[in-house]
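This report is meant for a reader meeting the structure for the first time. It begins with one helix, then turns to the chain and to a single residue.

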Amino acid sequence: MAAKKNEQHPLRIEGYGSAGEGVARLEGQAVFVKGALAGEICQVQLLKVGKSAAWGRVTQVLTPVPGRQSPDCPRYPRCGGCQLRHMTYAEELRFKRQKVQDALQRIGGWTGRVEKIHGAEAPDRYRNKIQFPVADGPRVGFFRARSHEVIDAEDCLLQPLAATRLREAFKLWMERYQVPAYDERVHGGLIRHFYVRVNQRGQSLCAVIANGTDLPHQEELVQALRRAEPDLAGVVLSVNQEKTNVILGKTHRCLWGRDYLEDTLCGLTFRLSVPSFYQVNREQAEVLYGRALAFAGLTGRETVLDLYCGIGTITLVMARQAGRAIGAEVIPAAVEDAKANAARNGVTNAEFLCADAAQAAQTLADRGLRPDVICVDPPRKGLAPAVIDAIVQMAPQRLVYVSCDPATLARDVKRMEEQGYVLQRAEAVDLFPRTAHVETVVLLSKLNTKQHIEVELNLDELDLTSAESKATYDEIKAYVLEKHGLKVSSLYISQVKRKYGLDVGQNYNLSKKEDAKVPQCPPEKEAAIMDALKHFQMI
C-alpha cells in the first residue's frame, strides 16, 4: 500500500541529501528526513508524500550513531542560518565530501575520487560579514528557515562577538527612539537591515540599510555603536527605497569615520567597502585559494585569465606565480577596486578588463594572446553555455574551477568533457561550517586531441601479431596520468594485464620471495589501466 501523510514508520537512514537531510527508503520510495543521520534507525512522521519521493521529520531516534550531538544553539533549527548543528563536525565533513563526490559521479559521470575535504580549524564565529534583517518589535536577527519571518537573536555562534555587541546597541537605539522597521508588505517603515563587517584585526564597519535618505537621531546611533565597539571604523547609510529583496541599496553615505575596512588575505591587502564581495570565512578562503593556486601549476611563465574576478583576490594570488595575470569582471566598480588592490600591493603583472567571458575572449584574441590557465569562480548558477564556448575558444591547457555548488559544477564538468577537457583532480573546502554549503576546487586539463587521433590511426595501420606491442608501460602510465590524473606503477599495470590474459613475461614483477606481500592494484587505478588497455586496443 502507498505511504500516506502523517503516518509514522521506523526507517533506516541510508545516506544524505544535498541539504544534509537523511535519506531512507519506504516501499521503494525515497524519503528525505530532516535531522536524521546516516546509519540511524529513526521513527519518522511523513509530512508530504509525492509521486516519486516523500518528506518527513524525526519523532524519535531509535538507534543513534556516534555522529549525532545535541545542538548547541537554542534557536536551532528554527533559525535558517544553520542546518547541521545536530551533527558532530567530523560527521559534517564526511557528509560534505560525499556530497561533492555524488554530484561529480551522478551528474558529471566522473569515475575519480574527491581527494580530501579541508575542514576548518574554527567551525564557529568565522563569519566576517553579517546582515541582520529587521522587523517590527523591533526584532533584529535572522529569517526563520524558508520564510521572511524574523527571529530575534541576541547572539549567533557563526558571527564574531563584535557583531553581537553592535547588534544589541543598534536594537536599543531603535527601541529608545521608536525608529520604525520596514514592512515589505506595504513598503512602509524605515529600517530594513543592519550590516556588520569585521576584519582580521577586529575592526568593524557598520551599515544601516534604510527605506529613506536620512536617519532620525543619527548622532545618537553613532555614539551608541562607538561605545559598544571601541574598534569601530565607520558607520554607513545604504539607501534602498525599492520594492525588492536585494539587501543593499545603490547609494551609500558615510555617517561617521570611514566607509571601508582593510583586510589581509594570502599575504595581500584588500580594501573592502560595504558592497564589496569578499569570502565570509577568511581563514578557509586562504585554504581555497591556495588549492586553486596549486592546481594551476604555475612556473612563473604562464598567462592566467581569472573570470568572475570580483575585486581581484584570485587574480592577484595567481599573479605572484605567473608571468601575467588578467582578471575579467562585468561590474565596473569591482574592476576599479581590483585595479586599486593591485596598486596597493605593488602587483605590476596583473591587469583587469571590464567584460564578460565572451568579451574577454575576443579582447585577448585581438591582442594575439592565449591564456595557458583559466580560473573561474562563478556564482551558484555555474557557467552559462556562452562562457564555456568562450573558454574552449581560448583553449587553455588547464582550467581551475572554484565552485560553491557541486551540482552546477558537475553539470559544467560534463559539458567541458564534451569539448575535450578531462577532470583530473577535485578537493572540497569547508568555507561554511554548520551549514549545508561546501566549496569545491577542481582541475580540468585539455587532452591533446591530435596526438590521440594519430595513435589510433597508426595502430589501425599496423599489422601487429602481439597485443603487447601496441603500447609500452610508459605509454600506458602517461595515458592514465593525462586522462585520469593517477600515477600507476609497472607492477599495477602487469597485474591488470595478467588478469585479462595479456602476456607480461614469465616472471615480470613477481617477487622472488615465497612469502612476500605484494601490494594489489586499487580498484580506481585498475579501472584507469583498463581504460588505457582499451584505448590502445589491447583488450
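## The two sides of helix α6

In this predicted model, the face of helix α6 that is turned away from its buried side carries the exposed residues Pro332, Ala333 and Ala343. The buried residues of α6 are Ala334, Val335, Ala338, Asn341 and Ala342. Because these buried residues cover an arc of only 120° around the axis, they lie on the same side of α6.

The cover over the buried residues of α6 includes β16 (268-273), α5 (313-319), β18 (324-329) and β19 (350-354).

## Length and end of the helix

Helix α6 runs over residues 332-344, and at 1.5 Å a residue its 13 residues should span 18 Å, which agrees with the 18 Å between its end C-alpha atoms. Just after α6, Gly346 takes a positive phi of about 65°.

## The chain as a whole

The chain has 13 helices and 23 strands, and its C-alpha trace spans about 95 × 65 × 45 Å along its principal axes. Of the 539 residues in the chain, 51% are buried, while the chain exposes about 25,500 Å², with carbon and sulfur atoms supplying 50% of that area.

Among contacts between residues at least 6 apart in sequence, 63% join residues at least 24 apart. The chain has 71 positive and 65 negative charges, and the mean positions of these two sets are 4 Å apart.

## A residue in strand β23

Thr440 has its place in strand β23, which covers residues 439-446, and Thr440 is buried, with a relative accessible area of 0%. Leaving aside neighbours within four places in sequence, Thr440 is in contact with Val100, Tyr401, Val402, Ser403, Pro406, Leu409, Glu427 and Ala428.

Methods. Residues numbered from 1 in each chain as written. Predicted model: local features only at pLDDT ≥ 70, side-chain atom pairs only at ≥ 80, totals over all residues. Heavy atoms only, no water. Helix = DSSP H or I, 4+ residues; strand = E, 2+ residues; numbered from the N terminus. Buried < 20%, exposed > 50% of the residue type's maximum accessible area, 1.4 Å probe, protein only. Contact = heavy atoms within 4.5 Å. Areas by Shrake-Rupley, 256 points an atom, 1.4 Å probe, with all protein chains shown as cover. Lys, Arg positive; Asp, Glu negative; His and termini not counted. Charge placed at Lys NZ, Arg CZ, Asp CG, Glu CD. Expected span 1.5 Å × (residues − 1). Arc of directions from axis to C-beta.
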